[in-house]
Amino acid sequence: MAALAQQTKGNSLLSRFKAFLVFQKYKHTFSKDRRRRQHPADMGSGSVVETGEIDFSKWRKLDSRNFGISSSRIPASPWIVLKVLQSEGFEAYLVGGCVRDLILNRIPKDFDVITTARLSQIRRHFHRAEIVGRRFPICRVHVKGSIVEVSSFDTVAKQTGKREELSIPKMPKGFHQKDFILWKNSIHRDFTVNSLFFDPSMNRIYDYADAMVDLKSLQLRTLVPANLSFEQDCARMLRGLRLAARLKLSFSKDIEIAMHKLSSSIMKLDKSRLMMEVNYMLSYGAAEPSLSLLQRYNILDMLLPFHAAHLTQQSNKKLGESSAMLMKLFSSLDQLVTCGRPSHDSLWVALLAFHLALITKPQQAFVVLTFASVLYHGNWKEGVKFAKRHSDAAAIYTPEISDSQGSFTSDDELAERVTELAVLVQNSLDILNDKDSLREAMSKFIGSPCSGLIKGFNIFIWKSL
């Protein structure tokens, strides 16, 4: 197992090194006009929305093969959708996060398509397709057991009104009318790194907002001033935190300011939307950095008030006295899952309940180790054998693990203690669902800034369990 882990780590490092070499090889592509650009912190103050001007110097067409992106990295389902639409005379591209991840040599969570076809036309060209969504309708196309979400340039144009009434200056050499269509769509996206388009049939990547520069510098910027962007859609703050955690991106200064100012507005979102965004953060291999960022911007207080209060309490303790168990649990989860193989949401909810149970009633280290080992092995005898063999090396956390080590005269006594812990974990799931129970559990955090935040809309209903 250790050898396999070492090999996996080596492959990951090799992939990142290759991606780094690609960026260095084409460094001149991004830096030849660096002195002219010098992005201000409040990116968007000179945007086309305000000035009516278009900065053609930021428009780039890049060969995807220069970034190691081959057709084999595109799954069959989005390939089929692209080919069908293009064969019918429509422009069609991969768009957004999947393009970003391919460039960074990561496995995309999904592959989205955008096309010049209208939604009704998209639906007519596929056997199984339905139009969904009110605010921003898309077409969900079922192909080879997968679902590809396809949006239309026409939908965006109708929703953005006067912004689309801009006249086009003389198109510079090397650009086409379709570039303006792509550019118009790109400026309405959330972040520059999500504004890329990719036509794999032509091996062509389209960048209209210096997205490649931001990918190279690992910076997250909005396409309009962050304050305005987050007021338009507060969910962008959660997406930004998720991207920063997963890709280790830094925030532009205006994002930092806007995040602190507007973070409380996320509670206007439906609980189902909040649950979806939190699940994206915790199930796809970046749970630990996501929790850290949520705490940094005071959002964890609203989503997971008990655990936020615990982390705040621990941060106020001296180094060496504070517990890292909660973060260690999610760090271990991150080692097991990826975007290509995410965990079920019930797993991270169970981790939260497990930790809440230990904070509520600390347990002896051997009981905790046996509980976890039996769950893993699915067999009592094997679980106990493993726990005994590794009990001396078990990590001790305070306050989750009690000081009392004790001894067990029989397996029956150990089984009773492990069963009590299992019941305590199950009860902790109920506490997460009930605001009165949660308020009572949080009463131990006297003086915590989270202790007064528990209201009806602050509580998740874990419908997935």
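In this predicted model, Phe330 touches a string of residues from elsewhere in the chain: setting aside neighbours within four places in sequence, its contacts are Leu282, Ala287, Glu288, Leu291, Trp348, Leu351 and Leu352. Phe330 also turns up, with Leu85 and Ile266, among the residues with the most contacts inside the largest nonpolar core, a set of 116 residues. Helix α19 (residues 345-360) is the top contributor to this core, giving 10 residues. A separate core of 14 residues lies apart from it, with Ile54, Trp59, Val95 and Leu182 among its members.

Helix α19 comes up again around α22, where it helps cover the buried residues along with α17, α20, α21 and α23, among others. Helix α22 itself runs over residues 411-433 and spans 34 Å from first C-alpha to last, close to the expected 33 Å. Its buried residues are Leu414, Val418, Leu421, Leu424, Val425, Ser428, Leu429, Ile431 and Leu432.

As for aromatics, the whole structure holds 12 pairs. Tyr93 and Tyr206 have ring centres 5.6 Å apart and planes at 85 degrees, so they pair edge-to-face. This pair ties strand β2 to strand β8, across 113 residues of chain. Tyr93 counts as buried at 1% relative accessibility, and Tyr206 does at 3%. Phe251 and Tyr297 are edge-to-face too, because their planes meet at 70 degrees with the centres 5.8 Å apart; both are buried. Tyr93 and Tyr206 also belong to an aromatic cluster that includes Trp59, Phe153 and Trp183.

Two lysines join in with rings of their own: the charged end of Lys83 sits over Trp79, 4.7 Å from the ring centre, and that of Lys109 over Tyr280, at 4.3 Å.

Notes. Residues numbered from 1 in each chain as written. Predicted model: local features only at pLDDT ≥ 70, side-chain atom pairs only at ≥ 80, totals over all residues. Heavy atoms only, no water. Core = buried A, V, L, I, M, F, W, Y, C linked by side-chain atoms within 4.5 Å. Buried < 20%, exposed > 50% of the residue type's maximum accessible area, 1.4 Å probe, protein only. Helix = DSSP H or I, 4+ residues; strand = E, 2+ residues; numbered from the N terminus. Contact = heavy atoms within 4.5 Å. Expected span 1.5 Å × (residues − 1). Phe/Tyr/Trp six-rings, centres within 6.5 Å; stacked < 30°, edge-to-face > 60°. Lys NZ or Arg CZ within 6 Å of the ring centre and 35° of its normal.
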